[in-house]
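User: Hi! I'm new to reading protein models. Could you walk me through this one?

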Amino acid sequence: MPPGAGWHHLNILFIMQTILVTGGAGFIGSHLCDKLVSEGRTVICLDNFDDFYERSIKERNLEDLNKQQNFKLVEGDIRDLDLLDQLFAAHNFDLVIHLAAKAGVRPSITDPVLYQDVNLRGTQYILDCMKKYEVSKLLFASSSSVYGGNTKVPFSEQDEVNNPISPYAATKRAGELMCYTYHHLYNINVACLRFFTVYGPRQRPEMAIHKFTRLIHAGEELPAFGDGSTRRDYTYVDDIIQGIAKIAEKDFTYDIINLGESQTITLKELIDAIGKNLGILPKINWLPEQPGDVSITYADVSKARAEYGYKPTTNVDTGVGKFIEWYHAMVEA
């Protein structure tokens with residue numbers, strides 16, 4: 001065998017992976033599919049085009065992907081066990097990246113039963129199909145919300161997370177536990193990824209940076225909850241995608257990994273930064289704090305760095321600027 005041929009063969013095998021991405025038409029999912037497809041993976045994207053926001057937004061996310069031969073969109077729900085069974089039977093998946101979920105802390109308080117149904121039953125069905133079809137590697141999208149009202153910062157994967165303060169957070173923690181159970185019983189290798197407030201191009205329209213940008217740009221008053229002192233660890237989407245890709249390449253058994261920027265900014269500072277980038281003075285309507293909101297999120301990413309090679313590079317000032325460039329382009333399109 002010629003020098004290096006073995007490595008070349010291994011790389012070809014890796015490139016030809018077939019990956020199921022649930023929720024692949026959404027904000028994070030479409031960016032991830034872009035990366036995987038560009039690297040030669042075959043990607044099956046499962047998305048139900050949930051009416052949480054306009055369908056056209058997700059359709060726009062997939063415009064370029066739909067032109068690629070190694071990308072296939074399947075419209076359907078993770079709670080449709082027959083559909084999942086057909087998908088797993090038709091494709092020999094090497095990896096499942098499970099992003100699909102009902103998102104949002106505040107809406108989960110209004111409709112906790114729906115969140116439980118989608119986020120837990122849907123995850124259960126994914127795990128059952130992986131067991132049935134002997135797919136042994138899963139990345140599960142968890143959330144920094146599992147840390148609840150923890151006051152010790154930065155948040156470490158070793159911290160107790162037994163007191164979630166919203167139904168959404170409770171479903172994400174329960175999902176982590178279900179994943180561990182299937183790892184223990186059926187040797188499914190799982191990495192649970194705790195995302196910290198992801199933002200960037202294609203961000204969901206109800207999320208803070210997108211919503212604030214839209215309202216300030218339109219000259220409208222924006223609602224802000226609390227006194228402006230709450231702090232968030234905002235993570236630029238390119239850094240999240242880099243982290244997911246790094247972890248997908250590694251071997252793991254069962255692991256929980258923070259993916260954040262490991263920097264914080266107050267709500268007031270964030271609004272000011274958006275206004276500065278837009279060149280518009282924000283008009284703010286300060287409102288009482290909302291149930292389920294936490295006072296701070298702040299990721300300890302030392303584990304992700306040391307064990308998986310994660311290297312976040314985009315601070316929030318730079319990231320907000322990039323988001324607003326995208327927003328202007330989208331509005332003018």
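**A chat about the model**

Analyst: Happy to! Let's begin with S145: setting aside neighbours within four places in sequence, S145 is in contact with Y168 and A169. Keep in mind that this is a predicted model.

User: Where is S145 placed?

Analyst: S145 sits in the loop between β5 (137-143) and α7 (167-186).

User: And is S145 buried or partly exposed?

Analyst: S145 counts as buried, because its relative accessibility is 14% and the cut-off for buried is under 20%.

User: Cool. Which peptide bond is cis?

Analyst: The one from V153 to P154 is cis, with omega near -5°. P154 is in the loop between β5 and α7, and S145 belongs to the loop between β5 and α7 too.

User: Why would anyone point out a cis bond or a positive phi?

Analyst: Because most peptide bonds are trans, and most residues other than glycine have a negative phi.

User: OK, so what is phi for F49?

Analyst: Phi of F49 is near 50°, which is positive in a residue other than glycine. You'll find F49 in the loop between β2 (42-47) and α3 (55-61). F49 is buried, with a relative accessible area of 9%.

User: And what about S262, what is its phi?

Analyst: S262 is not a glycine, yet its phi is positive, about 65°. S262 lies in the loop between β11 (254-259) and β12 (265-266). With 24% relative accessibility, S262 counts as partly exposed.

User: Switching topic: which residues touch the most other members in the largest nonpolar core?

Analyst: That core has 44 residues, and I97, L139, F195, I244 and L259 touch the most other members. Take L139: leaving out residues up to four places away in sequence, L139 touches L95, V96, I97, H98, A191, L193, I244, I247, A248 and F252. Apart from the largest core lies another one, of 30 residues, including L87, A100, M178 and Y254.

User: Why do nonpolar side chains end up grouped like that?

Analyst: In soluble globular proteins, nonpolar side chains tend to be buried together.

User: You mentioned A248. Where is A248?

Analyst: A248 is in helix α9 (residues 237-249), and at 12% relative accessibility A248 counts as buried. Not counting residues up to four places away in sequence, A248 touches L95, K137 and L139.

User: How many Å separate the C-alpha atoms of A248 and M178?

Analyst: They are separated by 20 Å, and the two residues are 70 residues apart along the chain.

User: Now helices! At what angle do α8 and α12 pack?

Analyst: Helix α8 (residues 208-217) and helix α12 (residues 316-332) pack at about 60°, with their axes 11 Å apart. That makes α8 oblique to α12. The crossing of α8 past α12 is right-handed.

User: Which residues make the contact between α8 and α12?

Analyst: From α8 there are I209, H210, T213, R214 and H217, and from α12 there are V320, F323, I324, W326, Y327, H328, M330 and V331. By class, the residues in the contact of α8 with α12 are eight nonpolar, four polar and one charged.

User: One last pair: how do α4 and α6 pack?

Analyst: Helix α4 (residues 81-90) and helix α6 (residues 112-132) pack at an angle of about 35°, and their axes are 10 Å apart. α4 passes α6 in a right-handed crossing. In this contact, L81, L84, D85 and F88 of α4 meet Y125, I126, C129, M130 and K132 of α6. The contact of α4 with α6 has seven nonpolar, no polar and two charged residues.

User: Great, thanks for the tour!

Technical notes
Residues are numbered from 1 along each chain as its sequence is written. This is a predicted model: local features need pLDDT of at least 70, side-chain atom pairs count only at pLDDT 80 or more; totals for chains, interfaces and linings use all residues. Side-chain values use heavy atoms; hydrogens and water are left out. A nonpolar core is a set of buried Ala, Val, Leu, Ile, Met, Phe, Trp, Tyr and Cys residues joined through side-chain atoms within 4.5 Å. Buried means under 20% relative accessible area, exposed over 50%, partly exposed in between (1.4 Å probe, protein chains only). Contact means heavy atoms within 4.5 Å. Axes are lines fitted to C-alpha atoms, for helices over the stretch in contact, and angles run from 0 to 180 degrees between N-to-C directions. Helices (H or I, at least four residues) and strands (E, at least two) are DSSP runs, numbered from the N terminus. Angles under 35 degrees count as roughly parallel, over 145 as roughly antiparallel, 65 to 115 as roughly perpendicular and the rest as oblique. A crossing is left-handed if the near helix is turned anticlockwise from the far one by less than a right angle, and right-handed if clockwise. Ala, Val, Leu, Ile, Met, Phe, Trp, Tyr, Cys and Pro count as nonpolar, Asp, Glu, Lys and Arg as charged, and the others, Gly among them, as polar.
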